[in-house]
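I opened this entry to note what I looked up in the structure, topic by topic. The sequence and the coordinates come first, and my notes follow.

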Amino acid sequence: MTSTTQITSKPMDPDIVPVALMELDHRRRIVSANTGAETLLGFSRHVLDGRSLTDLLYHDCALFDLLDRADETVGSVSAGALKLSGPNLHTGNHHVSVNRVPGGGFALAFAKSAQQDPAASAAPGLAAFGKILGHEVKNPLAGISGAAQLLKRSATEDQGELLDLVLAESRRIERLVDELSAFELFSRPERAPCNIHEVLDLVIRAEQLAV
């Protein structure tokens, strides 16, 4: 008789991994945290359970920008040198990875980073400039887009085509401002199919309308 031994693998204990791990729900409240996360945030799991990140971190902490990007990105998003800051939290730079999980939540991993903060090595005030630019551009841009949408309701066919161009260019400017505002965060580039004929048609139509 031949005996068969079945080997089963057990999931790794999150408390023994050398990184801080956290899971958030769709409202960005802490669902679970390992020992590393307790050390990082300075609270026990009992205290952290159900707490919102806004209770633990300052509202301008770059981690919130990273979570916003994860909302719009398929796959993982990461930052190589992100500084966490809060009322009772002042830490060095961390390599942070964010993954979406079923139900709209997030899985986060934090590892100490020896990398210098990219914003610190950039020109003085560049990070603040990006945020100010985003605010100063987006407000009037929203007004332009809203006005174009209202005008389009009673526009002629030729006018409607021109207003469509205004709306399309407004959306493009908004995307560029978003990218500039979050320049210090790094994620894997998103690739998508592009119909080159649509791009060329847009360029030709813009030139025709400018005549």
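I began with charges and rings, for which I took a charge to sit over a ring if NZ of Lys or CZ of Arg is within 6 Å of the ring centre and within 35 degrees of the ring normal. The model I am reading is predicted. In it I found the charged end of R51 over the ring of F43, at 5.8 Å from the ring centre. I then searched the whole structure for aromatic pairs, and the search returned 0.

Next I noted the overall layout. I have 7 helices and 6 strands for the protein, and along the sequence they follow the pattern β-β-α-α-α-β-β-β-α-α-α-β-α. Of the 211 residues in the protein, 30% are buried. I put the exposed surface of the protein at about 14100 Å², with carbon and sulfur atoms supplying 56% of it. Looking at contacts between residues at least 6 apart in sequence, I find that 47% join residues at least 24 apart.

I turned to the largest nonpolar core, which holds 29 residues, and asked which of them touch the most other members. They are M22, L63, L67, L108 and F110. For the origin of this core, I listed the elements that each supply at least two of its residues: β1 (20-24), β2 (30-33), α1 (35-41), α3 (62-72), β3 (76-86), β4 (89-101) and β5 (105-112). The largest share, 6 residues, comes from α3.

I followed F110 further, leaving aside its neighbours within four places in sequence, and listed its contacts as V19, A20, M22, L40, L63, L84, H94, H95 and V96. Two of the residues in that list, M22 and L63, are again among the core residues that touch the most other members.

My last stop was the start of the strand order, where β1 and β2 pair in the antiparallel sense over 3 bridges. I checked one of the bridge partners and found that E23 is matched in β2 by S32. The two strands, β1 and β2, form a hairpin with 5 residues between them. In the loop between these strands lies R28, and I noted for R28 a positive phi of about 65 degrees, although R28 is not a glycine. Is R28 buried or exposed? With a cut-off of under 20% relative accessible area for buried residues, I record R28 as buried, because its relative accessible area is 17%.

Terms used. Residues are numbered from 1 along each chain as its sequence is written. This is a predicted model: local features need pLDDT of at least 70, side-chain atom pairs count only at pLDDT 80 or more; totals for chains, interfaces and linings use all residues. Side-chain values use heavy atoms; hydrogens and water are left out. Rings of Phe, Tyr and Trp (its six-membered ring) pair if their centres lie within 6.5 Å; planes under 30 degrees apart count as stacked, over 60 as edge-to-face and the rest as tilted. A nonpolar core is a set of buried Ala, Val, Leu, Ile, Met, Phe, Trp, Tyr and Cys residues joined through side-chain atoms within 4.5 Å. Buried means under 20% relative accessible area, exposed over 50%, partly exposed in between (1.4 Å probe, protein chains only). Helices (H or I, at least four residues) and strands (E, at least two) are DSSP runs, numbered from the N terminus. Contact means heavy atoms within 4.5 Å. Two strands pair if DSSP finds at least two bridges between them. Accessible areas come from the Shrake-Rupley method with a 1.4 Å probe; for residues, only the protein chains shown count as cover.
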